[in-house]
Amino acid sequence: MIIYGVAILAFCYIIGQLIGEFLGKLIGVDANVGGVGFAMLLLIFLSDWLHKKGDFDKSTENGILFWNQLYIPIVVAMSAIQNVKVAVSSGFIAILAGIVPVLICLACIPLLAKLSKNTKPD
């Protein structure tokens with residue numbers, strides 16, 4: 001059912017926000033640190049697990065795709081409330097919080113390329 005997809009998405013979002021808030025408090029920042037990113041990762045892993053288990057049918061996927069179509073306007077609205085100038089001027093930790101994840105992602109590209117199956121057209 002479509003509502004199951006929306007429920008899975010809401011669950012991932014809430015858990016991601018809680019992790020982001022906890023991480024922010026852990027490093028001493030009065031903000032949510034990566035809550036939406038954690039939610040997206042959780043959604044990817046949960047969706048993959050449900051696909052492998054066979055419990056992820058087309059209508060459930062449509063519930064997630066419904067909100068996927070709203071993703072870009074939500075991100076634009078979220079970025080409009082961010083104050084990058086204050087974040088950068090507040091200290092070195094803010095700069096590291098932006099640079100370190102990018103470097104980790106760049107380092108993962110060769111690993112992901114090796115793990116993926118190469119399918120070359122004939």
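This tour moves through a predicted model, one selection at a time.

**Helix α1 and Gly-16**

Begin with helix α1, residues 2-27, and select Gly-16 within it. Gly-16 has a relative accessibility of 1% and is therefore buried, the cut-off being under 20%. Display the surroundings of Gly-16: beyond its neighbours up to four places away in sequence, this glycine touches Gly-35, Phe-38 and Ala-39. Then add Asn-32 and draw a C-alpha to C-alpha distance from Gly-16; the two residues are 16 apart in sequence and 9.7 Å apart in space.

**The largest nonpolar core**

Next, select Ile-8, Cys-12, Leu-43, Leu-46, Leu-50, Phe-56 and Ile-64 together, since these seven residues form the largest nonpolar core. Colouring by element shows that α1 and α2 each give two or more residues to this core. Helix α2 provides the largest share, three residues.

Within this set, centre the view on Leu-43. Sequence neighbours within four places aside, Leu-43 is in contact with Ile-8, Leu-9, Cys-12 and Ile-64. Cys-12, one of these partners, has 1% relative accessibility and so counts as buried.

**Ser-47 in helix α2**

Stay in helix α2, residues 35-53, and select Ser-47. Is this serine buried or exposed? Ser-47 is buried, because its relative accessibility is 13%. Which backbone oxygen lies 2.8 Å from a polar atom of the Ser-47 side chain? The oxygen belongs to Leu-43, the core residue at the centre of the previous view. In general, residues three or four places apart on an α-helix point the same way, because each turn takes 3.6 residues. Farther along the sequence than four places, Ser-47 touches Phe-56 and Ile-64, both of which are listed in the nonpolar core.

**The cysteines**

A search for disulfides across the structure returns zero. Select Cys-108 as an example: this residue is in no disulfide, and the nearest cysteine sulfur, that of Cys-105, is 6.4 Å away. Cys-108 counts as partly exposed because its relative accessibility is 31%.

**Helix α6**

Finish with helix α6, which runs over residues 92-115 and has 24 residues. A distance drawn from its first C-alpha to its last gives 35 Å, close to the expected 34 Å. Where does α6 bend by about 30°? Select Ile-109 to find that position, and then Pro-110, the proline that follows within four residues.

Terms used. Residues are numbered from 1 along each chain as its sequence is written. This is a predicted model: local features need pLDDT of at least 70, side-chain atom pairs count only at pLDDT 80 or more; totals for chains, interfaces and linings use all residues. Side-chain values use heavy atoms; hydrogens and water are left out. The expected span of a helix is 1.5 Å times one less than its number of residues. The bend at a residue is the angle between axes fitted to the seven residues ending there and the seven starting there. Buried means under 20% relative accessible area, exposed over 50%, partly exposed in between (1.4 Å probe, protein chains only). A polar contact is a pair of N or O atoms within 3.5 Å; within protein, one must be able to donate a hydrogen and the other to accept it, and residues adjacent in sequence count only if both atoms are side-chain atoms. Contact means heavy atoms within 4.5 Å. A nonpolar core is a set of buried Ala, Val, Leu, Ile, Met, Phe, Trp, Tyr and Cys residues joined through side-chain atoms within 4.5 Å. A disulfide is a pair of cysteine sulfur atoms within 2.5 Å.
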